[in-house]
Amino acid sequence: MSRGSEKGAPRGNQTLRRIAFGAAGIVLLVVLWELYKALGPASGVVVGDLTILPRTTDLAMPHVWDMVGRLFENSGGGRNAAPVWVDVLQASVFTLGVAAVGWVVGVVVGMLLAVLMQRFRTAESAVLPWIILSQTVPLIAIAPLVRRWGSQLEFGDFTWENWMSVAVIASYLAFFPVSIGALRGLNSPDTIHVELFRSYGVGWWRTLFTLRLPASVPYLLPALRLAAANAVIGTVVAEVSIGLRGGLGRMIIEFAQQASGDPAKTWAPIFGAIAVGLVAAGFIALLGVLLRRYRRGEVPA
Amino acid sequence: MSEAPAASATQPVTATDVAAAVQVTGVDKVFVGKKKATVTALENIDLTVAPGEFVSLIGPSGCGKSTLLRLIADLDTPSTGSVTVFGKTARQARIDQEYGIAFQQAGLLPWRTVTGNIELPLELHKVGSAARKARSAELLALVGLSDFAESYPDQLSGGMQQRVAIARALAESPRLLLMDEPFGALDEMTRERMQTELVKITAETGAAVVFVTHSIPEAVYLSNRVVVMSPRPGRIRDILTVSLGSAAERNEQLRENEAFFENVSKVRELLHGEAPVGVRGVETR
């Protein structure tokens with residue numbers, strides 16, 4: 001709650017410090033990686049038959065600068081002459097687009113479910129267990145089903161495409177935190193606020209839009225952030241299991257197959273996935289700034 | 001000492017056929033808990049509040065004074081008996097916005113400015129924005145917060161928040177104000193200042209007030225009549241008419257007045273059912 005005011009007027013100094021700490025975290029990670037690579041045993045740390053720390057060969061742990069450098073070299077043989085980062089960027093944009101569609105669908109479905117559960121207590125008892133159960137079904141299991149069902153859909157000129165299956169799976173992961181977070185948020189107004197609205201003689205819908213939705217924002221924002229992360233992960237995984245070309249999922253598999261000859265290249269699409277995640281998180285942060293007036297806390301009297 | 005009264009001497013009712021602001025007749029309230037255990041919160045309550053009259057409900061915790069207020073506000077319904085507000089059923093009175101309400105917590109919406117909070121009931125009832133602006137400016141002046149129109153609730157002190165809540169309750173110029181320990185969470189000094197302001201405001205607006213409190217001096221200072229309640233089951237033990245002059249005549253000097261202390265002692269006597277002990281006029285919370 002108090003974070004709202006902190007973000008509302010950040011001191012220049014504090015912002016700088018935060019950036020410095022963030023950068024220091026990355027540097028620390030690089031230093032740890034390189035330090036272990038330089039000092040650790042080539043065959044890794046093995047206890048009994050169990051490898052608890054990885055091998056330090058160039059194959060298993062390429063130098064950080066090799067990974068980054070590889071991004072700026074050409075992708076491979078003659079037919080595909082663009083630098084790796086161009087390919088990764090294209091795949092990232094594609095994946096981000098599909099994830100965004102999945103996120104939007106997931107947020108809409110999640111919100112609708114939450115509103116339904118808030119309105120009808122029986123709906124909450126009937127639907128909530130299924131919402132939680134839905135998340136225990138492995139993605140790999142539902143991916144082929146979604147694809148098969150989708151391919152049977154046809155309305156006039158509309159045909160189901162594979163990317164839509166991927167978006168549906170992404171939304172399947174994204175709706176969950178939204179429905180749970182929004183339900184908590186919609187139920188968050190104090191009794192006194194609810195009774196105040198009752199004393200005004202206004203109906204449930206007006207109460208929803210004037211009281212419950214604004215009050216749910218502090219609960220909704222973390223849920224939306226989780227949903228964004230879930231949508232990105234769901235998209236990448238679903239791209240692999242459905243076999244959709246053009247995104248990061250397939251690229252990770254393709255590059256991993258070349259790992260024995262080109263270990264640094266494997267990391268390129270992983271950087272892409274991180275970038276996609278950062279863009280998604282940045283979007284939610286922006287949303288948080290736009291909604292900052294709903295994140296103020298009332299100081300108790 | 002006790003009266004079963006319609007209007008007090010200080011607030012004369014102009015016409016005899018004017019409906020009472022609040023008429024509570026033979027009300028019981030029984031709460032049914034888990035395993036069918038019942039709690040009788042109110043038993044056989046009869047109370048009439050005249051238009052423009054200030055009535056306090058006082059009693060120990062659990063005497064049902066808040067429950068009675070909630071029945072008048074139609075936030076709960078009586079088990080038996082009837083509650084009418086200006087001649088209408090409590091439900092109809094709520095729908096017609098016959099009353100304004102304030103609680104112990106200010107209950108402001110944290111995402112709305114002070115102005116936005118005061119305009120909330122007007123907005124919900126589709127009052128035009130120009131009329132809203134004019135009304136909120138007027139109310140802000142009334143509660144002395146004109147400089148804080150664009151502040152957010154978290155930037156205000158507890159007393160200021162409570163003043164905003166009172167302004168919000170007054171927004172639709174109700175003829176009846178229902179207040180449930182509105183100053184309960186404030187410090188003593190703020191509390192006394194707010195009491196003086198409330199007396200001033202009710203004098204200006206001419207609204208009837210039903211005021212729940214467990215502070216004896218507060219009840220005596222504010223009220224035309226003090227309703228003393230006893231707990232478990234909640235009953236009206238007695239009703240004391242306080243004759244300390246009209247609202248316009250009440251000011252800070254009244255707190256040092258001999259008649260004020262006399263009334264405080266009487267209420268205390270009624271509450272405890274015995275002769276008063278201890279220092280007079282001291283807060284007994």
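Begin by selecting domain 1 and domain 2 of chain A in this predicted model, whose C-alpha centres lie 27 Å apart. To colour them separately, take residues 1–61 of chain A as domain 1 and residues 75–294 as domain 2.

Next, stay in chain A and select helix α7, residues 162–186, but first display the largest nonpolar core, which holds 140 residues and in which Ala170(A), Ile72(B) and Val267(B) touch the most other members. Helix α7 of chain A gives the most to this core, contributing 17 residues. A second core, separate from that one and made up of five residues, can be found by selecting Leu196(A), Phe197(A), Tyr200(A) and Leu211(A), which are among its members.

Now move to chain B and centre the view on Ile72(B). Leaving aside residues up to four places away in sequence, Ile72(B) touches Val22(B), Val83(B) and Val85(B), and also Ala90(B), Leu178(B) and Val210(B).

From there, turn to the sheet of chain B, an open arrangement of four strands in the order β2-β1-β4-β5, with antiparallel pairing. Select β2 (38–49) and β5 (88–89) of chain B, which stand at the edges; each has a single partner strand, so one side of each is left without a neighbour in the sheet. Then add strand β1, residues 22–32 of chain B, which pairs with β2(B) in the antiparallel sense over eight bridges. To finish on one residue pair, pick Val30(B) and look across to β2(B), where its bridge partner is Thr40(B). With the backbone shown, keep in mind that strands of a sheet pair through backbone hydrogen bonds, either parallel or antiparallel.

Conventions:
Residues numbered from 1 in each chain as written. Chains lettered and ligands numbered in written order. Predicted model: local features only at pLDDT ≥ 70, side-chain atom pairs only at ≥ 80, totals over all residues. Core = buried A, V, L, I, M, F, W, Y, C linked by C-beta atoms within 7 Å. Buried ≥ 20, exposed ≤ 12 C-beta atoms within 10 Å, placed from the backbone. Helix = DSSP H or I, 4+ residues; strand = E, 2+ residues; numbered from the N terminus. Contact = placed C-beta atoms within 7 Å. Pairing = 2+ DSSP bridges. Domains from an automatic or database assignment.
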